[in-house]
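Colleague: Could you walk me through this structure step by step? I am new to this and would like to see how each value is reached.

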Amino acid sequence: MTAALEDLWLTYQSTVAFVGLNGLLALSVYATLSCGQLSLAQAGFMALGGYTAAILTFHSGLPFALVLLAATLVPSLAAVPLGFPVLRLKGVFLAIATIGFGEVVRIVFVNLEFTNGALGYTGVPQRTRVWMIYAALAGALFLLWRLRRSRAGYALEAIREDEPAARTMGIHANAYKLSMVVLGAALAGLAGALEAHFTFMVAPSTYSFARVVDMLVYAVVGGAGAFHGPVLGAAFLTLLPEVLREVGSRVGLQPGPLRLFVNGLVLLLVILFLPNGIVSLPQRLRERREARRPGAARAG
Amino acid sequence: MRLARWQSVAAAAAVLGSAASSARAAETVKIGAAFSLTGNAAVYGAQQKAGVLLAVEEINKSGKLKGITLEAVVEDDQTSKEQGIAVFQRFINRDKVNAIIGPTLSTTATAADPIAQQSKTPVVAVSNTAPKGITDIGDYVWRISLTEAQVIPSALQIVRAKLGFKNAALLYGNDDVFTKAGFDVMKAALEKEGIPIVEIQTFATKDRDFNAQLTALKGKNPNFLMVSALAEQAAGIVTQARQLGWNVPIMGGNGFNSPAFIKNAGQAAEGVYVGTAWNKPSPDPVNQAFIASMKAKGTDPDQFCAQAYTGVLVVAEAIKQAGMKGGRDDIKAGFAKVSGLATPLGTFSFLPSRDGNHAAAIQWVKGGKFEVVQ
Amino acid sequence: MGQQIVNGLFLGSIYALFALGYTLVFGVLDILNLAHQAVFMLCAYVALLAVGHLHLHLFLAFPLAVLAGGLLGLLVDRVAFRPLRGRSDSNISGLISSIALATILEAVALQLFGPDVERFPFGTVPSRTLRLGGAVVSELQLVIIAIAVGMMAALTLLVQRTRLGRRIRAVAESPRAAQVLGVNVDAVIAASFFISSALGAAAGVLFGLAFNAINPDMGRAVELKGLAVIILGGMGSMTGAAVAGFALGLLEVFTVAQIGSSYRDAIAFGVLFLVLVVRPRGLLGQAATREA
C-alpha cells in the first residue's frame, strides 16, 4: 500500500512542485498589482534569481539556504534602479517599460559567454525539495496577510483606488510602490532559484515574455483583490492542463492548442464576468441569490 | 528404478518450476517513448513516434527476443521541459517502464533525464545532439544520435576537398541551445582545418528577416558560409541570401536536415550542403527494408524516424545481450555490450562515453532532393 | 551601405504599417490592443489559404485578407473591449482581455494549421530583382514599401479629411463630449477597430510575402517591436508611428552592420526604455492629457 502511495507521489510530485512555484510567481505579480501597478518585469527578476543561485551552487560551497537568500537579494537590489524611473509612468506605459526590461535581461543572458549564453547551466543539482517551495509560499502568504492588515496595507489600497487622492492625504506613494516592486522582484528571484534547482537547469529561454503573461493570467484569474487569489489561480491553471490532457486525447484535440485555448477562454470569461477572479465567486453567487429573493428592494 | 517419494516430488516441482519460469519468460517489457507531439518540435516528434512503433511491431513479430514482448508507451512532452519531467515521472513510477526513449529536444532532456538517472532507469537519447549535458548526466543515459561534433568536422573536410575554399563566414542562432552548440562545433572545425573566419553574425529564433546579417556577411566576401539554424529559419536564410544576389556555397547543420527545408526554400535550396547522421540512399539491406516498411505505412521517413527506430533496435539488442532479461539494470548492462549492430543508420556501437558511433555522411540538395556527396 | 539602407526601409515599412493600427486604437481608446498581432497572423493565413487552396490571384487574396482583418477587428472590439467600457480600470482589463483573445485566436490557428512554418506557393509573386547602385532590390520589396506608404497616406487622408475621420478625432479627444455632440461613440470605435485591424492584416500578408514564413507564432516577435515603435513615435500619433517604424527598421539594420547582430533586439527595447524614461510622449506624441 505504501509502495503504491509512494509511486503516486513520485508520479505527480513535479506537478505539485510547479503548482507551488507558479503560486510564488503569481504572488510576485500580485505584489505590484495590489497598489495598482502593472509591472511585468518578473521574467527578468526570475532570471537574475535563477542564474545567481546556479552560479553560487557551482562556484561556491554555500549551503542552499544562503544561496536562496542571495538569489532573493540580487533581483531586489536590481529592482531599485529600475523602479525609480519607471514608477513615474502610468498604467500601460509602465507595463510596456517593464516588459522591455525583462526582454533586455533575457537578451543579455543569451549573449553572456560567462554563463554559456543560450545554453545556460545544465546539471544543476536538485537541491530543492517540494516542502521548501511550499514553505516559501506559506511565508509569502503570511507576509502579505500581515501587510494587508497593517497601515502599509491600507496605504497600498488607497494608492490603488486613487493615487492622486492618496498623495494629497500625505501617503508617500512612490516609496510604497517601489517597495512592492522590490517585493515582487524578491519573490520572483526566489521562485527562479527554486525552479533552477528543481529542473536541473537554467537557460534564458525559460524567462520569456510568454512566461510573464502566464504569471499575470494566474494572478488575474485567481483574483488580484485578495492575497490568496493568485495562488488559487496558479493552482487552477497549472492543474487544468493535466486534466485536459486526459480529455483532449479522447476528443481528438491536440493538448497544446487545447491548453492554450482554455487558458485564453478562462482569462476572457474571468475578465469579462468575474473581474475579481475566482476568489470572488462565492461572494458573487451570494449577491445574485440575494438579489433574486422575492421582496428584495429593487433600485428604482 | 523407482524414484524415492521425495525425489518424485522434487522432480514434479522442477517441472512445474520450469513451466512457471517459461510462463514468466513470456513477459512484457515496457518502453516509454517521450516525444514532442505538439509544440515547436512537433514536426520531429511525429516521425519519431512512427519509427518507434514500427520497430516494436517488427521485433515482436520476428520473435527475436524469445518470449519477451516489447510494449511501447508513447506520451507527448509538448516541447516543454515541465511536461517532459512530468512524463518521465509517469513512465517511471506509474507505468513502470524499463527503458525510456527520447525526449525530442536536448533542452527537455537536460531537465528530464536526471530523473531517470536518479531512479536508475535507462534512457536512450535518439535526437539530442547537444555535445555536452546529455550523457554527462549519468551512466543510465545513453545516446544514439550523433552530435554535431561527430558529423560536422568530417563533413567539412569532404566539402573542403571538393570546393577548396580559402576562408569562411558563420551565421547562427544565438538564443537556442541546439543552434548555439552547432555554431561552437562549426567554429572549432573551421579553426582545426586552418580556415580563417572573416565574419560571424547572429540572429534570434524568432527572426524572419536576415537581410541585414546577410548583407554584412556578403560585404566581407567569404568563399563559404556555414549556417547553424533550425528548419524554420534555414529556408528563409538561403532564400534571402540568393535574393541578395549572393551565390556563395552554403553548408548547414542538422537543422537543415529536413524535407521542410527543401519545401520552403525551393530553388534556393539547390546546392546547399548538409551533414547528416543518416545516409538515406545507402543500399544497405537493413536500411532499405526499414524505408520500405515505413513507406508501406504511409510515411516517408526522415532522419529522426530512422534514429528512433534504431533506438528500439538497440534496446532489443541490449535485452538480448543481457541474456534475454528485460529489467532496468539488465538493459543498462546490455547497452555496454552492444557492438557492431546492423541498423538503418549503419553499423552501430556505443562509445565509452555512452554516445553513439556510426559512420556519418554529407549530402547536398540536387533537383529538389537530398543526395549523398562522396 | 546602400543595401543596408534598402534592408532598413523594407523592414521599417512593415513595422510602420503594423504599428499604425496599434496606435490608431490607442489614440482613440487609450487602450493597447494586444490582439492586433493575432489578427496580423490570422490574416496572413487567410491570404495563404486564398492563394494556396482557392487558387485566387494575389490581387484578390490581398483585399480579401484585409477585409477579413477588418471584420476580425470588429469582433475583437465587440468581445474584448466593448463589455469593459465604463469600468474604472478599463485600461488594464482591456489589455488583459485582448491578451486573452489573442491567446484564443492563436490556439485556433495552431489547431487548424499546426506549428510548422508555411510559405506562399512558389510563383505567387514574381522574383525579379533590380540593381540600384550597389544594392539589390527585389520587385516585391518595392511593391511592399509602396503599399505600406500608400496605406499610411490613405489613413492620414481619412483621418484628416473625411467626416469619419473628424468623428474619430473627436472621440479620441473626449468621448463624452463627442457623445453630447451627437456622435455615435460605439460606432466610431468599431470603425476604428475595423481600420486598425485591416491595416494589421495588410501588414501580416505583406510580412508573409516578404519573408515566406507564416506560422501561429509570427505575431509575437513583431508585437514587441511594434510596442517599441509606437512608444518611440508617440502613442496616438500616426505620423509618429510611420516615422518611428522606418527609424526602427533602419536602426536595427545598422546595429547589425556596425555593432553585431546579437544585440539587435536589445536595441529596440533599449530605445523603448530610454524614450519612456526621458520623453514618454515619444517623438511626435502629444503630452498626456488623460490619466491612463
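Modeller: Here are some questions and answers about chain C, the nonpolar cores and one loop residue.

Modeller: This is a predicted model, in which local features need pLDDT of at least 70, side-chain atom pairs count only at pLDDT 80 or more, and totals for chains, interfaces and linings use all residues. Residues are numbered from 1 along each chain as its sequence is written, chains are lettered from A and ligands numbered from 1 in the order in which they are written, and side-chain values use heavy atoms, with hydrogens and water left out.

Colleague: How many helices and strands does chain C have?

Modeller: Helices (H or I, at least four residues) and strands (E, at least two) are DSSP runs, numbered from the N terminus. Reading chain C from that end gives α-α-α-α-β-β-α-α-α-α-α-α-α. The count for chain C is 11 helices and 2 strands.

Colleague: What is the radius of gyration of chain C?

Modeller: This radius is taken over C-alpha atoms, and the globule rule is 2.2 Å times the number of residues to the power 0.38. The C-alpha atoms of chain C fill a box of roughly 55 × 45 × 35 Å along the principal axes. For 292 residues, a compact globule would be near 19 Å, and chain C agrees, with 19 Å.

Colleague: Which helix of chain C gives the largest share of the largest nonpolar core?

Modeller: A nonpolar core is a set of buried Ala, Val, Leu, Ile, Met, Phe, Trp, Tyr and Cys residues joined through side-chain atoms within 4.5 Å. The largest one has 220 residues, and those with the most contacts inside it are F45(A), I96(A), L194(A) and L216(A). The largest share of this core, 16 residues, comes from helix 8 (residues 185-211) of chain C.

Colleague: Which residues of chain C does I96(A) touch?

Modeller: Contact means heavy atoms within 4.5 Å. Leaving out residues up to four places away in sequence, I96(A) touches L32(C), L227(C), I231(C), M235(C), L272(C) and L276(C).

Colleague: Is L38(A) buried or exposed?

Modeller: L38(A) sits in the loop between helix 1 (2-33) and helix 2 (42-59) of chain A. Among the residues that it touches are L94(A), L216(A), I92(C) and L95(C). Buried means under 20% relative accessible area, exposed over 50%, and partly exposed in between (1.4 Å probe, protein chains only). With a relative accessible area of 2%, L38(A) is buried.

Colleague: How far apart are the C-alpha atoms of L38(A) and K90(A)?

Modeller: Along the chain, L38(A) and K90(A) are 52 residues apart. Their C-alpha atoms are separated by 9.0 Å.
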